[in-house]
Amino acid sequence: ELAFTFDCGGHAGPTREILEILREADVSVTFFMIGDWVRAHPDLARDIAARHEFAHHSDRHPDYPSLTDAQIIADLEAGERTFLEVTGKTTRPLWRAPSGARDDRVLAAAARAGWPVHVFWTQERNARGELITGDSGDWRPFTPQQVASNLDRAAELGNGVITVSHCDSEQTRVVLRQSLEAIKARGLRIITVSELLR
């Protein structure tokens with residue numbers, strides 16, 4: 001099993017087409033949502049929440065380690081209010097810190113606020129000792145093929161991998177269909193984070 005995740009926080013861009021590719025592939029994945037994005041794209045957020053797992057990625061994408069505990073909690077709670085108003089769904093208990101930036105204090109503050117499960121992406125060494133990451137790199141100026149190669153390398157690690165891609169990535173839109181097929185061809189079932197953690 002492999003948990004495929006998306007972070008939604010930039011523009012909407014190819015999100016509608018990404019959702020259609022996921023529907024055609026008959027997979028449900030986990031979307032980490034930013035409150036600002038949900039407020040800007042409520043219809044898309046509702047479509048995502050109707051079929052996929054909905055998780056927290058902050059309200060405004062601040063750098064959590066530079067905030068006080070009270071500011072972290074306020075940001076998480078503001079995002080949650082938006083998610084509930086727009087989709088009727090809670091994001092608890094899953095969240096991912098903006099840019100993945102967290103420390104023990106940030107994790108403890110989030111846990112006190114009701115988000116005890118921080119979900120990073122896989123970082124693991126393969127059989128050759130190379131560090132492999134589940135980050136597709138689609139937020140960088142990579143070619144679509146580089147993004148596909150990154151996802152394939154992560155899938156090569158096998159069971160339990162968590163990947164991360166982005167809703168606003170044109171590179172991901174271009175390679176998503178082939179990447180999903182390649183993951184399935186490895187004998188991996190594409191699932192949500194909650195399914196993986198069960």
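**Entry 1, helix α5.** I began on the outer side of α5, where D104 and R112 are exposed. The model is a predicted one, and I read every entry here with that in mind. I then turned to the other side of α5, which spans residues 104–112, and found V106, A109 and A110 buried. I looked down the axis of α5 next: the buried residues fall within an arc of 95°, so they line one face of the helix. What do the buried residues of α5 pack against? I traced their partners to α4 (69–87) and β4 (94–95).

**Entry 2, α1 with α3.** I took helix α1, residues 15–24, together with helix α3, residues 42–51. Their axes come within 11 Å and cross at roughly 15°. Angles under 35 degrees count as roughly parallel, and α1 and α3 are therefore roughly parallel to each other. I noted the hand of the crossing of α1 and α3 as left-handed. On the α1 side, I listed T15, R16, L19, L22 and R23 as making the contact; on the α3 side, I listed L44, D47, I48 and R51. I sorted the residues of this contact by class and got four nonpolar, four charged and one polar.

**Entry 3, α1 with α7.** I stayed on α1 and looked up its packing with helix α7, residues 170–185. The axes of α1 and α7 are 10 Å apart, and the packing angle is about 10°. I applied the angle cut-off again: α1 and α7 are therefore roughly parallel to each other. Which residues of α1 meet α7? I found E17, I18, I21, L22 and E24 in α1, facing T172, R173, L176, R177 and L180 in α7. The classes in the contact of α1 with α7 come to five nonpolar, four charged and one polar. I marked L22 of α1 for a cross-reference, as L22 is listed in the contact with α3 and also meets α7.

**Entry 4, Q171.** I picked out Q171, which sits in helix α7. Is Q171 buried or exposed? I read 15% relative accessibility for Q171; buried means under 20%, so Q171 counts as buried. I then set aside the neighbours of Q171 within four places in sequence and listed what remained in contact with Q171: D138, R140, F142, T143, P144 and V147.

**Entry 5, recap.** I have α1 roughly parallel to α3 and roughly parallel to α7. For α5, I have a buried face and, on the other side, the exposed D104 and R112.

Methods. Residues are numbered from 1 along each chain as its sequence is written. This is a predicted model: local features need pLDDT of at least 70, side-chain atom pairs count only at pLDDT 80 or more; totals for chains, interfaces and linings use all residues. Side-chain values use heavy atoms; hydrogens and water are left out. Axes are lines fitted to C-alpha atoms, for helices over the stretch in contact, and angles run from 0 to 180 degrees between N-to-C directions. Angles under 35 degrees count as roughly parallel, over 145 as roughly antiparallel, 65 to 115 as roughly perpendicular and the rest as oblique. A crossing is left-handed if the near helix is turned anticlockwise from the far one by less than a right angle, and right-handed if clockwise. Contact means heavy atoms within 4.5 Å. Ala, Val, Leu, Ile, Met, Phe, Trp, Tyr, Cys and Pro count as nonpolar, Asp, Glu, Lys and Arg as charged, and the others, Gly among them, as polar. Buried means under 20% relative accessible area, exposed over 50%, partly exposed in between (1.4 Å probe, protein chains only). The arc is that of the directions from the helix axis to the C-beta atoms.
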